[in-house]
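Reader: Can you walk me through some helix packing and the labels that go with it? I'd like to see the cut-offs too.

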Amino acid sequence: DALRDFVKGLPKAELHLHLEGSLEPELMFALAQRNAVAIPYETVDAVRAAYDFSNLQDFLDIYYAGADVLRDERDFYDLTMAYLKRMAQENVQHVEVFFDPQTHTDRGIAFEAVADGILAALDDGERDFGITSGLILCFLRHLSEEAAFDVLAMADPYLDRILGVGLDSSELGHPPSKFARIFKEAGARGLKRVAHAGEEGPAPYIHEALDILHVDRIDHGNRCLDDPELVARLARSGMTLTLCPLSNLKLCVIDDMAHHPLKSMMESGLHVMVNSDDPAYFGGYLTDNYLAVAQALNLSRDDLAVLAKNSFRGSFLDGTAKARHM
Ligand code: ADE
Ligand code: ZN
């Protein structure tokens, strides 16, 4: 339809996408077969039927299990390339994507296989589709800070090809302050810093991400709305919040898309933009996420164009490149 074509045609960037969350059931089956890995599903439909979550942890349990089919460099290449191919069809021109190395190294996969596969696909994605990209290494917050230091050491030879570090996985009980030292170290190495904060966790976790981790972006950030002074601070500083509407609905962060805070956040002057988070698990890629909020919140085409501009403004592209896209 006309609105879908409009959104599809807008030049867009995606800044909150977990590569492991773009593993479609079809590719999961193909990799299970290729690598002779048993998976607890009979059919692709059975996989999709299992994607019924009541909270973040419910999802994470299934997401980490699904990643078990990823075994060698080619698997990570195929995963990344499949995502970029889809993005090329939606006029997504720049992506800053997350990966969770600990999910793989903790089951004996070499860091090099993961990183080499992803980086080769990102290179080919730029060559074949003109999509520029950055790679963000996420620390799993349910694990220790010491484990995060171990993965940063593994990444050491790759740091010139890694844009930044992030913080993801189970938020409640694992506040940003737990990772103060590793984020300080990452900053000292010239890496950008982002963190999931205020998805399920409370507004004080967003304060910690700002004041203790010194993040350059907040991933999600929905719960800032519980704290008007925090909203004012985020708006004043122009901090980008990477919202994920379909994710919020699937993980019961909101009970209805009509209650998504995106529109009121825009009206409060927050720099919000739209992302897909884990599209293979939440039922939609970037265009679908724009359309979901557009329809539920009655967004105008001007609103959608602002969101698309914000996606470049919030990126880590340099000023010249941003200007070229906006
Ligand atoms: N890992 C993948 N998706 C995530 C999300 N939405 N929140 C926290 N950790 C994640
Ligand atoms: Zn996420």
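Author: Here is a short run through two helix pairs and one core residue. This is a predicted model, where local features need pLDDT of at least 70, side-chain atom pairs count only at pLDDT 80 or more, and totals for chains, interfaces and linings use all residues. Residues are numbered from 1 along each chain as its sequence is written, with chains lettered from A and ligands numbered from 1 in the order in which they are written.

Reader: Why are α5 and α7 called roughly parallel?

Author: Helix α5 (residues 73-88) and helix α7 (residues 111-129) pack at about 30°, axes 7 Å apart. Angles under 35 degrees count as roughly parallel, so α5 and α7 get that label.

Reader: And what makes α1 and α15 oblique?

Author: Helix α1 (residues 2-9) and helix α15 (residues 286-296) pack at about 130°. Oblique is what remains after under 35 (roughly parallel), over 145 (roughly antiparallel) and 65 to 115 degrees (roughly perpendicular), so α1 and α15 are oblique to each other. L3, R4, V7 and K8 of α1 meet T287, Y290, L291 and A294 of α15; in contact means C-beta atoms, placed from the backbone, within 7 Å.

Reader: How do the residues of that α1 with α15 contact divide?

Author: Into 5 nonpolar, 1 polar and 2 charged.

Reader: What does Y290 contact, leaving aside its neighbours within four places in sequence?

Author: V7, V274, L304 and L307.

How values were computed
Contact = placed C-beta atoms within 7 Å. Axes fitted to C-alpha atoms, helices over the stretch in contact; angles between N-to-C directions. Helix = DSSP H or I, 4+ residues; strand = E, 2+ residues; numbered from the N terminus. Nonpolar A, V, L, I, M, F, W, Y, C, P; charged D, E, K, R; others polar.
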